[in-house]
Amino acid sequence: MAPPIAYSLIATDLDGTLLRGDDTLSDRSRAALAMAVGAGARHLVVTGRPAPRVRPLLDELGSQGLAVCGQGAQLYDAGADRMLWSVTLERELAEVALGKIEAEVGEVYAAVDQDGVDGLTLIEPGYEMPHPTLPAVRVLRRDDLWTRPISKVLLRHPLLSDDELASAARGAVGSLATVTMSGPGTVELQPCGITKATGLALAAGRLGLTSAQTIAFGDMPNDIPMFDWAARGVAMANAHPELRSVADEITLSNEDDGIAVVLERMFSTGRTDRADGTGRSDRTGPRVGRQAGPGARSGVGQ
């Protein structure tokens with residue numbers, strides 16, 4: 001009988017985690033993922049990027065399965081190019097949240113990701129894309145951001161750091177929206193209660209897998225709910241201190257193939273790190289305070 005695979009579900013963030021800074025996937029990382037999949041594991045992308053910005057990367061990975069996009073607000077089927085599940089942020093809530101934030105910290109610059117497989121990223125005057133390789137459409141005024149349903153709002157402040165802006169936004173918006181920080185220059189508002197763990201739990205359920213079978217890789221505070229849900233959380237060496245503080249393991253940076261290092265150790269012949277409680281992994285279930293699955297606002301299925 002073949003030995004049990006290390007983890008049945010490998011959940012990876014993209015930017016700052018699986019991808020290098022130039023948006024490429026190294027040959028070593030590609031080979032390590034192929035080895036894990038060949039051993040019977042499933043690889044699931046769990047990213048803040050909206051589905052249209054993920055599709056080319058999934059094609060490069062040869063993925064025809066599920067992907068969690070939009071910070072957990074979208075469950076995308078790459079093979080069928082359709083949204084299986086999504087939640088939108090209501091315009092009224094977004095505008096009230098922005099007003100409260102600006103009352104606290106002064107003017108901010110905003111952008112939005114539209115919902116759907118053909119949704120655009122729209123940016124208002126003054127907003128600069130933190131990730132220049134991602135396409136965006138500049139609009140003339142803020143009202144133009146709301147022409148279609150959106151999955152999230154992206155914020156930038158001319159003076160405050162990301163940590164300062166995120167902290168002020170959380171205090172200002174309360175339960176109007178969930179505030180996340182997903183990368184340099186990327187503070188976001190998304191539907192209240194929706195996190196990466198929401199989409200990850202939903203995708204795992206569809207695959208017949210559980211949190212106890214899941215290892216997650218990430219680099220930013222928006223990955224904390226995913227780490228809380230998974231049996232094991234691995235932070236990159238370049239990760240934000242908040243994520244590093246709750247990780248089970250710190251691997252090398254995304255530039256140094258940190259994910260590949262862990263997968264090679266776990267899935268190579270003679271491995272001992274398994275999800276059955278032996279080896280290095282000493283947790284077989286989610287942490288206390290794990291995120292629940294999709295909430296009562298189930299969004300729209302497309």
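Reply: Helices (H or I, at least four residues) and strands (E, at least two) are DSSP runs, numbered from the N terminus. This is a predicted model, in which local features need pLDDT of at least 70 and side-chain atom pairs count only at pLDDT 80 or more, whereas totals for chains, interfaces and linings use all residues. Residues are numbered from 1 along each chain as its sequence is written, and side-chain values use heavy atoms, with hydrogens and water left out.

Me: Is strand β3 buried or exposed on its two faces?

Reply: In a regular strand, side chains alternate between the two faces of the sheet. In β3 (residues 66-69), Leu66 and Val68 on one side and Ala67 and Cys69 on the other are all buried, that is, under 20% relative accessible area with a 1.4 Å probe and protein chains only.

Me: Which strands pair with β3, and in which sense?

Reply: Two strands pair if DSSP finds at least two bridges between them. Strand β2 (residues 42-46) is parallel to β3 over two bridges, with Val45 opposite Ala67, while β4 (residues 74-77) runs antiparallel to β3 and is joined to it by four bridges, Gln74 being the bridge partner of Cys69. In the hairpin of β3 and β4, four residues lie between the strands, and Gly70 takes a positive phi near 60 degrees.

Me: Which elements supply the lining of the largest and second largest pockets?

Reply: Rolling a probe the size of a water molecule over the atoms shows where empty space is left. A pocket is an open set of points on a 1 Å grid over the protein atoms alone, where a 1.4 Å probe fits, with protein on both sides within 12 Å along at least five of seven lines, and lining residues have an atom within 4 Å of a point. For the largest pocket, α1, β9, β10 and β11 each supply at least two lining residues. The second largest pocket is lined by 17 residues, of which Val37, His43, Leu61, Gly62 and Ser63 are closest to its centre, and α2, β2, α3 and β3 each supply at least two residues of that lining.

Key
Buried means under 20% relative accessible area, exposed over 50%, partly exposed in between (1.4 Å probe, protein chains only).
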